[in-house]
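I set out to record what could be looked up in this structure about rings, charges and backbone geometry. The entries follow in the order in which I made them.

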Amino acid sequence: ENAELPTASSTSTSSSFAEQVDLQQIVATALRKDELGGEGSGLWKYVQQEGSGAVPPARARVNLHYASYFSSGVRVETSREKNRSTPCAFQLGGKQALLSWQLAAAAMRPGEIAWICSPSKFAYGEQGVPPSVPPNETMWFALEMNFAKAPGTVKFSQRLEDAIAEAERHMEVGRS
């Protein structure tokens, strides 16, 4: 667990993806905490709001809003910034998302809001993402699960018009 978390009286503790957050307050106010990735992994999920329904099945396509933070509590990016209000979507077990997101999303229910404390090995690793994320950086992620679709529930169409209509339906659901 991350023993040294920043504090600041002027920071936000809500899950609204603020520019600066008090991570100690987030940990202290969590409804529960779960260790992901096996005992001793250091990957922790701090639930701020419980969801409802079932966790997604293996290989499900998940849809969630996110914000990424340094261990200082400073936000790096968010899916709710400026014109970029579209949630992130990825398939569980795929390679489109960080391992910390994969493990967290697989353990979340629709409507759940959780903060993930992710050691670098579950995030950006030894190399980081220069110049934005330094090497070996412990990252924090605020994740809000919108919904998950079981594998095989996405329609595939032979006609272009049908495929575009299906894609537009998925985009509209993602915006809500």
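I began with charges over rings. The charged end of Lys33 sits over the ring of Trp44, and I recorded 4.6 Å from the centre of that ring. I note here that the model is a predicted one, and I read every value below as computed from it.

Next I turned to pairs of aromatic rings. A pair of this kind is described by the distance of the ring centres and the angle of the planes. My search of the whole structure returned 5 aromatic pairs. I looked up the pair of Phe90 and Trp101: the ring centres are 6.4 Å apart and the planes stand at 40 degrees, so I entered the pair as tilted. The angle falls between the limits of 30 degrees for stacked and 60 degrees for edge-to-face. Phe90 belongs to strand E5 (residues 88-91) and Trp101 to helix H2 (residues 99-105), so this pair ties together parts that are 11 residues apart in sequence.

Are these two residues buried or exposed? Phe90 has a relative accessibility of 1% and therefore counts as buried. Trp101 is buried as well, with a relative accessible area of 7%.

Trp101 has a further partner. The rings of Trp101 and Phe141 have centres 5.7 Å apart and planes at 80 degrees, so I entered this pair as edge-to-face. The pair links distant parts of the chain, since Trp101 is in helix H2 and Phe141 is in strand E7, 40 residues apart. Both Trp101 and Phe141 are buried. I then asked which residues form one aromatic cluster. The cluster consists of Tyr66, Phe90, Trp101 and Phe141.

I closed with the backbone. Which residues does a cis peptide bond join? I found Pro130 and Pro131, with omega at about -5 degrees. Pro131 is placed in the loop between strand E6 (113-118) and strand E7 (139-149).

The loop between E6 and E7 also holds Asn136. Phi of Asn136 is near 60 degrees, which I flagged as a positive value in a residue other than glycine. Asn136 is partly exposed, at a relative accessible area of 47%.

I flagged Arg59 on the same grounds: its phi is near 70 degrees, positive in a residue other than glycine. Arg59 lies in the loop between strand E2 (43-49) and strand E3 (61-70). With a relative accessible area of 43%, Arg59 is partly exposed.

Note on methods:
Residues numbered from 1 in each chain as written. Predicted model: local features only at pLDDT ≥ 70, side-chain atom pairs only at ≥ 80, totals over all residues. Heavy atoms only, no water. Helix = DSSP H or I, 4+ residues; strand = E, 2+ residues; numbered from the N terminus. Buried < 20%, exposed > 50% of the residue type's maximum accessible area, 1.4 Å probe, protein only. Phe/Tyr/Trp six-rings, centres within 6.5 Å; stacked < 30°, edge-to-face > 60°. Lys NZ or Arg CZ within 6 Å of the ring centre and 35° of its normal.
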